[in-house]
Amino acid sequence: MLTYWQRAQKCQNRTAKKLLQLIDNKKTNLAFGVDVTTKDKLLELADKIGPEICVLKTHIDIVEDFDPSVTTGLSELAQKHNFLIFEDRKFADIGQTVEKQYSGGVYKIVDWADIVNAHSVAGQGIVDGLRKVIIEKGSDRGVLLLGEMSSAGNLATGEYTKKTVEMAQANQDVVIGFISMGELVENEPYLINFTPGVKLQAGDGELKQQYNTPESVMAGGTDIIIVGGGIYKADDPLAEAKKYRTAGWQAYQTRLTM
Ligand code: 5BU
């Protein structure tokens with residue numbers, strides 16, 4: 001198995017390269033899903049947990065008191081603590097709509113999010129719409145496709161997942177990987193797998209969420225564990241984040257020796 005560093009050398013997308021190098025340098029494959037609904041709490045948690053993570057995953061549209069200082073604040077914290085920002089926007093529309101949703105509106109996502117994700121259900125046009133914005137901005141940005149989901153009964157399986165992998169392979173300039181439950185494709189080291197639905201204790205969560213442990217998803221070939229409530233709902237979020245960080249990194253080292 002290749003190390004994160006070795007894989008970084010194989011990426012043509014600069015965000016993918018930067019992310020894999022960052023993971024290797026900082027020794028953390030933990031992404032924190034900071035699903036809180038106020039600006040103060042969001043920035044406070046990003047500052048506190050920032051040193052432990054490679055990626056901060058946001059749902060910017062759940063922040064009730066949003067104003068542009070939220071995203072400038074997040075960008076400053078990303079610099080301070082050396083993490084990338086992933087807006088979990090799950091674009092799903094035709095290219096020309098997605099182009100506007102990504103670049104404009106209230107959130108102007110392309111200006112501050114290094115990474116966004118998209119449903120492949122819309123077909124090639126969705127990647128083309130996102131690519132158009134990225135090229136116009138001239139910034140380093142990456143897109144993840146939803147190859148699988150963590151919720152019980154989801155429809156991203158079988159042929160749909162296979163076609164999503166093909167879409168990623170055909171768009172290596174902007175697509176840097178997947179939301180998946182493990183490694184989706186072998187021998188494509190530039191494609192990075194991000195896995196949500198992770199908790200120290202496996203089991204069913206609320207509203208059909210399903211949880212696996214850091215050890216099991218890393219053994220299944222994922223690259224980045226996404227943890228939300230396991231951290232932000234804890235009495236001591238920093239202490240919990242350190243536990244997930246250690247578990248994720250140890251599981252990676254175990255995989256390297258296999
Ligand atoms: P949790 O609190 O650890 O369950 O949060 C998981 C986060 O990952 C949350 O922000 C979801 O929106 C996100 N997520 C997910 O749980 N499952 C998926 O398949 C995808 C995203 Br895609």
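Student: Where does the ligand sit in this model?

Tutor: Start with the pockets and see which one holds the ligand's atoms. In this predicted model, the ligand sits in the largest pocket.

Student: How many residues surround the ligand, and which are the closest?

Tutor: The shell is made up of 14 residues. Asp35, Lys57, Ser150, Tyr211 and Gly229 are the closest.

Student: And what does that shell look like by class?

Tutor: Pretty mixed: five nonpolar, five polar and four charged residues.

Student: Which polar atoms lie by the ligand's oxygen atoms?

Tutor: Look for N or O pairs, and check whether the protein side is side chain or backbone. Asp35 puts a polar side-chain atom 2.6 Å from a ligand oxygen. For His59, a side-chain N or O atom is 2.9 Å from an oxygen of the ligand. Gly229 uses its backbone instead, with a polar atom there 2.7 Å from a ligand oxygen.

Student: How much of the ligand does the protein bury?

Tutor: Compare the ligand alone with the ligand in place. Alone, the ligand exposes 500 Å², and the protein buries 87% of that.

Student: Switching topic, how many disulfides are there?

Tutor: Zero. A pair of cysteine sulfurs has to be within 2.5 Å to count.

Student: Why is there no bond from Cys11?

Tutor: Because the closest cysteine sulfur, in Cys54, is 14 Å from that of Cys11, which is too far.

Student: Are those two cysteines buried or exposed?

Tutor: Cys11 is buried at 8% relative accessible area, and Cys54 is buried too, at 0%.

Terms used. Residues are numbered from 1 along each chain as its sequence is written. This is a predicted model: local features need pLDDT of at least 70, side-chain atom pairs count only at pLDDT 80 or more; totals for chains, interfaces and linings use all residues. Side-chain values use heavy atoms; hydrogens and water are left out. A residue is near a molecule or strand if one of its heavy atoms lies within 4 Å of it. A polar contact is a pair of N or O atoms within 3.5 Å; within protein, one must be able to donate a hydrogen and the other to accept it, and residues adjacent in sequence count only if both atoms are side-chain atoms. Accessible areas come from the Shrake-Rupley method with a 1.4 Å probe; for residues, only the protein chains shown count as cover. On a 1 Å grid over the protein atoms alone, a cavity is a set of points where a 1.4 Å probe fits but cannot get out, and a pocket is an open set with protein on both sides within 12 Å along at least five of seven lines; lining residues have an atom within 4 Å of a point. A molecule sits in a cavity or pocket if more than half of its atoms lie within 2 Å of its grid points. Ala, Val, Leu, Ile, Met, Phe, Trp, Tyr, Cys and Pro count as nonpolar, Asp, Glu, Lys and Arg as charged, and the others, Gly among them, as polar. Buried means under 20% relative accessible area, exposed over 50%, partly exposed in between (1.4 Å probe, protein chains only).
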